[in-house]
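Biologist: I'd like to learn how to read a model like this one, feature by feature. Can we put it on screen and work through it together?

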Amino acid sequence: IAVRGHGTVAKGPFWPYHWALPATFPYHAFDPGAARRQLDDAGMTVRAQTDLNRMPSRLRFSCLVVEEDQRLQRVAMVLQKQLYKLDIDLDVQLVSVRDFGTRARSGNFDSLLGEISSSRSSMWWMVSLMRTLS
């Protein structure tokens with residue numbers, strides 16, 4: 001959906017054609033119901049919000065995305081939709097390339113979505129600093 005047919009659906013954190021990836025690598029399906037139950041069991045229940053502009057959620061965190069990169073914006077929206085199904089509020093923050101770099105270097109972010117070159121392919125990565133969520 002996010003890259004409009006120009007890619008392979010990820011089944012995990014590794015490139016599916018990597019030579020070192022075992023054929024029997026255990027992949028996990030996206031199962032929002034099971035994930036919600038696990039979050040409930042861990043004590044991360046949905047909390048009401050006093051701010052009417054925010055959804056009731058288990059937790060809320062922001063994700064920096066470069067505003068000039070529409071591909072990554074689409075990826076961020078897919079992530080946001082998936083997390084919404086788990087009652088997690090992902091606040092996508094579009095920032096300039098300069099602000100993205102400045103905030104990334106200074107650690108002024110909850111998470112960020114960017115692109116790196118890795119061997120034969122490009123891949124997207126998301127870095128989370130959970131210190132702000134505890």
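Modeller: Let's start with Asp87.

Biologist: Okay, is Asp87 buried, partly exposed or exposed?

Modeller: The usual reading is by cut-offs: buried means under 20% relative accessible area, exposed means over 50%, and partly exposed is in between, with a 1.4 Å probe and protein chains only. Asp87 has a relative accessible area of 22%, so it counts as partly exposed. Before we go on, this is a predicted model: local features need pLDDT of at least 70, side-chain atom pairs count only at pLDDT 80 or more, and totals for chains, interfaces and linings use all residues. Residues are numbered from 1 along each chain as its sequence is written, and side-chain values use heavy atoms, with hydrogens and water left out.

Biologist: Where does Asp87 lie?

Modeller: In the loop between α2 and β2. Those labels come from DSSP runs, numbered from the N terminus: helices are H or I with at least four residues, strands are E with at least two. The backbone at Asp87 deserves a look as well. Most residues other than glycine have a negative phi. Asp87 isn't a glycine, yet its phi is positive, about 65°.

Biologist: And which side chain does Asp87 meet in a salt bridge?

Modeller: Side chains of opposite charge can pair when their charged atoms come close. The test here is a side-chain nitrogen of Lys or Arg within 4 Å of a carboxyl oxygen of Asp or Glu. Asp87 pairs with Arg58 at 3.5 Å, N to O. That ties together distant parts of the chain, 29 residues apart: Arg58 belongs to the loop between α1 (32-41) and β1 (59-66), Asp87 to the one between α2 (70-84) and β2 (88-95). Arg58 is buried, at 4% relative accessible area. Add Asp40 and you get a network of salt bridges linking Asp40, Arg58 and Asp87.

Biologist: How many salt bridges does a search of the whole structure find?

Modeller: Six. Among them, Asp89 and Arg60 meet at 3.3 Å, N to O. This pair again spans 29 residues, from Asp89 in strand β2 to Arg60 in strand β1. Asp89 is buried at 12% relative accessibility, whereas Arg60 is partly exposed at 31%. Arg71 and Asp69 form another one, with their closest N and O atoms 3.1 Å apart. There, Arg71 is partly exposed at 32% and Asp69 is buried at 16%.

Biologist: β1 and β2 keep coming up. In which sense do β1 and β2 pair?

Modeller: Two strands pair if DSSP finds at least two bridges between them. β1 and β2 run in the parallel sense, over eight bridges. To find the register, look at Leu64, which stands opposite Gln93 in β2. In a regular strand the side chains alternate between the two faces of the sheet. β1 is mostly covered, with seven of its eight residues buried.

Biologist: What do β1, α2 and β2 make?

Modeller: A right-handed β-α-β unit. Right-handed means that, with the strands pointing away from the viewer, the path from the first strand over the helix to the second runs clockwise. For a look at the helix side of that unit, try Gln80 in α2, partly exposed at 25% relative accessibility. Contact means heavy atoms within 4.5 Å; setting aside neighbours within four places in sequence, Gln80 touches Leu90 and Val92. Gln80 and Val92 are twelve residues apart along the chain, and their C-alpha atoms are separated by 7.8 Å.

Biologist: Now α1: which residues are buried there?

Modeller: An α-helix has 3.6 residues a turn, so residues three or four places apart point the same way. In α1, Pro32, Gly33 and Leu39 are buried. Seen down the axis, the buried residues of α1 fall within an arc of 125° (taken from the directions from the helix axis to the C-beta atoms), so they line one face. Arg37, Gln38 and Asp41 are exposed on the other side. The cover over the buried residues of α1 includes β2. Just after α1, Gly43 has a positive phi of about 85°.

Biologist: And in what order do the elements of the protein run?

Modeller: α-β-α-β-α-β-β from the N terminus on, which makes three helices and four strands. Of the 134 residues, 27% count as buried.
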